[in-house]
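Visitor: I would like to go through the pockets and cavities of this protein. Please take the enclosed space before the open ones.

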Amino acid sequence: MNFDQKIDRRGTHSVKWDNMEAIYGVSPDDGISMWVADMEFQPPQCVQDAIKKMHDHGVYGYYGDEGPYKDAICWWMKTRHNWQIDPSWIFTTHGLVNGTGMCVDAYTNPGDGVVLFTPVYHAFARVIAAAGREVVECELVNNDGRYEMDFDAYDAQMTGNERMLILCSPHNPGGRVWTRAELAGVAAFAKRHQLILVSDEIHHDLTMPGHTHIPTAHIDGIADRLVTMTATTKTFNIAGSHSGNVIIEDPDLRAQFGKRMAALGLSPNSFGLFMATAAYSPEGAEWVDALKAYLDGNRQMFDAGINAIPGLKSMPLDATYLAWVDFSGTGMSREEFTARVQNEAKIAANHGPTFGSGGDDFLRFNLGAPRAQIEEAVARLQSAFSDLQ
């Protein structure tokens with residue numbers, strides 16, 4: 001669990017490092033990559049051992065007998081999230097962006113509206129639009145650096161054309177862990193407007209001290225319209241395995257989803273299943289606990305350094321390793337503060353507008369890296385905005 005270890009990922013077909021110059025103009029030779037949401041850490045040894053065992057065997061055939069894999073998922077959800085699920089509820093997709101696309105395909109028709117609480121994970125809107133559906137943006141309220149929902153305003157926006165709501169819980173990029181009352185409000189909103197509720201809970205394991213994720217499935221009376229998405233990929237830094245789980249309790253919703261899976265001939269790759277089975281274990285749990293403590297240290301150090309720069313404010317994180325920094329207090333245009341980050345600090349960070357309405361004044365920074373890299377990033381940002389201090 002040496003999270004301080006520096007691993008050079010340049011030239012390894014890493015999207016995060018090998019694509020950043022083309023997208024952000026930041027060279028990997030002297031830049032810091034803080035955009036794509038994967039971490040700079042190796043996964044736990046139990047995951048490495050599972051891949052080594054596959055390699056040593058040397059035959060990479062079709063995966064059979066999903067019993068141990070699904071049992072591991074059920075064990076994790078019960079022990080880590082107090083959520084009792086049945087193995088028959090689980091579908092495995094090619095990651096959760098694919099899972100999102102499958103939900104849009106299975107439960108909506110071209111032209112239907114799909115509601116997002118923005119700013120939110122950018123892939124949702126991309127998938128919805130590509131499928132020929134309408135992206136309906138319901139903007140979150142930024143209440144002194146903390147996102148909240150305004151259901152009265154959202155009710156007024158609905159036209160009756162909406163068929164689905166995609167919730168990000170915990171929230172990316174704002175880092176909110178939604179309260180039980182807020183989740184109940186989301187459920188009531190979905191019921192009022194007859195929406196299928198897709199709850200993306202991929203960051204559910206990565207909570208900060210004092211915060212506990214509540215599965216949307218714990219809200220009474222929502223099971224008949226709820227689809228929950230989870231994965232090992234963010235938690236254990238194995239996004240390249242492209243493995244995600246769509247968990248559906250309601251038999252009718254499950255039948256609809258299964259029909260589309262069958263029609264498209266989708267099945268998971270064996271590497272992802274072996275890695276997930278190994279990760280969802282006591283050894284994996286111990287590693288996650290150590291990771292969370294380390295990420296909390298990164299968060300505290302980053303926030304202190306950023307908030308010391310006049311005009312910058314890092315939104316407090318309840319969960320995730322993604323810092324959402326507000327530059328509106330600088331009085332600069334989006335082009336100016338972004339140029340300072342990319343050209344002077346030489347940091348590649350996600351542009352706020354890609355997350356939808358409400359994101360214009362923000363950049364998102366990935367804190368899932370050795371602390372020395374985060375310290376260097378803070379120092380560069382303080383230098384780039386030194387005229388404000």
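Visitor: How many cavities of 30 Å³ or more does the structure hold?
Guide: This is a predicted model. A cavity is a space where a 1.4 Å probe fits but cannot get out. With a cut-off of 30 Å³ or more, the number of cavities in the structure is one.

Visitor: Which strand gives the most to the lining of the largest cavity?
Guide: The largest cavity has a volume of about 30 Å³. Its lining is made up of Phe117, Val120, Ile166, Leu167, Cys168, His171 and Trp178; by class, six are nonpolar, one is polar and none is charged. Three of the lining residues come from one strand, β7 (residues 162-168).

Visitor: Which element gives the most to the lining of the largest pocket?
Guide: This pocket has a volume of about 1,100 Å³. Among its 46 lining residues, Val36, Ala37, Asp38, Lys234 and Ala239 are the closest to the centre. Elements giving two or more residues include α1 (15-18), α6 (122-130) and β14 (350-351). The most, four residues, comes from α5.

Visitor: How many charged residues are in the lining of the second largest pocket?
Guide: The second largest pocket has a volume of about 330 Å³, and of its 18 lining residues Lys6, Trp17, Gly31, Ile32 and Gln373 are the closest to the centre. Helix α14 (residues 371-384) gives the most to this lining, with four residues. By class, the lining has six nonpolar and two polar residues, and the number of charged ones is 10.

Conventions: Residues numbered from 1 in each chain as written. Predicted model: local features only at pLDDT ≥ 70, side-chain atom pairs only at ≥ 80, totals over all residues. Heavy atoms only, no water. 1 Å grid on protein atoms, 1.4 Å probe; cavity = no way out; pocket = protein on both sides within 12 Å on 5 of 7 lines; lining within 4 Å. Points joined across faces, edges and corners; volume = space filled by probe spheres on them. Nonpolar A, V, L, I, M, F, W, Y, C, P; charged D, E, K, R; others polar.
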